[in-house]
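Trainee: Before I plan anything, could you take me through this structure and explain the reasoning behind each term you use?

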Amino acid sequence: MISLKRVQLPSVVSLALLGAVALAVSGCSDEKKAETKEVVRPVKVVEIAEAGDTRALDYSGAVKARVEMNLGFRVAGKITDRRVNIGDRVKPGDLLAQIDPTDYQLAVKTAEANLAAAEKGVATADLANKRAQQLFDKSVTAKSQMEQAALSYDQAVSTRDAAASSVDQARNQVAYTELKADRSGIVTSISADTGAVVAAGTPVATVALDGEKEVQIAVPENDIAQFKPGKTVKASFWSDNKLVLDGKVREVSGSADAQSRTFSVRVSLPNDDRVLLGMTATIEAAVGNAETNVAIPLSALAEKDGKKIVWIVDRNASTVHAREIKVTDFTGAGVHVADGLKTGDLVVAAGTQFMAENLKVKLPEQQSAQAETGDVIR
């Protein structure tokens with residue numbers, strides 16, 4: 001016997017409830033789609049600062065004496081003795097070096113012998129002149145003989161005077177075989193040593209005179225116009241960060257160095273015992289800022305419709321907007337912009353390819369605030 005089970009069909013009420021549930025689920029799905037979060041992109045920005053009225057030029061140099069003398073012998077010869085070394089202090093009259101004086105001493109003896117002979121010649125001519133005068137007075141000789149005797153005497157006197165000058169000159173030559181300091185200072189270099197044969201005037205030692213010190217710097221041609229004699233500058237020293245002195249430009253070279261193409265500038269320093277010769281110094285000069293262009297990073301530059309633009313952040317709305325700019329040139333430090341930016345503008349510095357008009361962005365300070373509250377920046 002076959003038994004039949006009774007299948008109960010869903011009632012109208014049940015179907016209605018299922019339909020309501022389906023509609024509710026569908027409505028929730030639509031709400032979730034509508035509640036999709038708006039994209040907010042974190043950005044890195046740079047703020048356009050106001051250009052200063054002045055800029056600083058810094059150049060390094062070495063401390064030198066205002067006057068450095070290259071001392072050399074006034075006569076030629078072989079150096080037989082050197083008395084000083086680099087760093088020695090000297091005062092007037094100190095012997096620095098000496099050359100062989102033998103030949104010059106012999107010249108003195110020759111000159112003295114010539115002088116003695118000339119003096120004998122004067123005595124002889126004087127006797128002849130007096131004898132001729134006496135004979136002329138007695139009308140024994142003619143007047144021409146008396147005049148000839150007087151001329152011979154005058155010639156002998158001139159020869160004696162020349163011989164006396166030769167003696168003085170020869171003695172000076174002997175004195176010149178000793179190289180002596182004539183002013184106080186410090187020896188900074190030695191150019192010739194014992195045994196060297198030097199010509200007259202060849203530098204043997206360099207002495208930096210005591211007194212005013214100065215710093216010598218090399219300035220390129222694009223900045224040399226900013227350095228004029230009398231200009232006040234600041235001098236700082238690597239050996240002592242606290243040592244800062246006011247200096248003045250004393251001398252500017254009239255032509256550039258043939259190799260470095262820079263101009264030599266000397267800056268006078270006030271007397272200070274802490275400043276030593278050879279110390280490294282930095283000269284800082286404040287000059288007018290002729291640069292009016294704004295510099296931005298190269299990564300901030302974008303292009304839209306064939307035009308150069310940057311993305312500017314609206315601080316209040318936290319959105320970005322494209323702004324056309326005028327680029328003057330490209331440098332290692334970035335891009336120079338002549339027009340389109342003003343002081344206080346926030347420029348997107350990176351990720352410009354992800355920017356769009358009115359895109360919501362998150363500034364660094366906002367990112368930091370969210371990070372502190374535990375939000376994750378994606």
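**Reading the terms**

Mentor: A search of the whole structure finds 1 cavity of 30 Å³ or more. This is a predicted model, in which local features need pLDDT of at least 70, side-chain atom pairs count only at pLDDT 80 or more, and totals for chains, interfaces and linings use all residues. Residues are numbered from 1 along each chain as its sequence is written, and side-chain values use heavy atoms, with hydrogens and water left out.

Trainee: What makes a set of points a cavity?

Mentor: On a 1 Å grid over the protein atoms alone, a 1.4 Å probe must fit at the points but be unable to get out, and lining residues have an atom within 4 Å of a point. The largest cavity has a volume of about 30 Å³, the space filled by probe spheres set on points joined across faces, edges and corners. Its lining consists of G211, E212, K213, L269, P270, N271, D272 and V275.

Trainee: Why is α2 called roughly antiparallel to α3?

Mentor: The axes of helix α2 (residues 102-137) and helix α3 (residues 143-175) come within 7 Å and cross at roughly 165°. That makes α2 roughly antiparallel to α3, a term for angles over 145 degrees, taken between N-to-C directions of lines fitted to C-alpha atoms over the stretch in contact.

Trainee: What makes β8 and β10 edge strands?

Mentor: The open sheet of 4 strands runs β8-β7-β5-β10 with antiparallel pairing, where pairing requires at least two DSSP bridges between two strands. β8 (178-180) and β10 (197-198) each have a single partner strand, so one side of each is left without a neighbour in the sheet. Strand β7 (residues 95-99) meets that pairing requirement with β8 through 3 bridges.

Terms used. On a 1 Å grid over the protein atoms alone, a cavity is a set of points where a 1.4 Å probe fits but cannot get out, and a pocket is an open set with protein on both sides within 12 Å along at least five of seven lines; lining residues have an atom within 4 Å of a point. Axes are lines fitted to C-alpha atoms, for helices over the stretch in contact, and angles run from 0 to 180 degrees between N-to-C directions. Helices (H or I, at least four residues) and strands (E, at least two) are DSSP runs, numbered from the N terminus. Angles under 35 degrees count as roughly parallel, over 145 as roughly antiparallel, 65 to 115 as roughly perpendicular and the rest as oblique.
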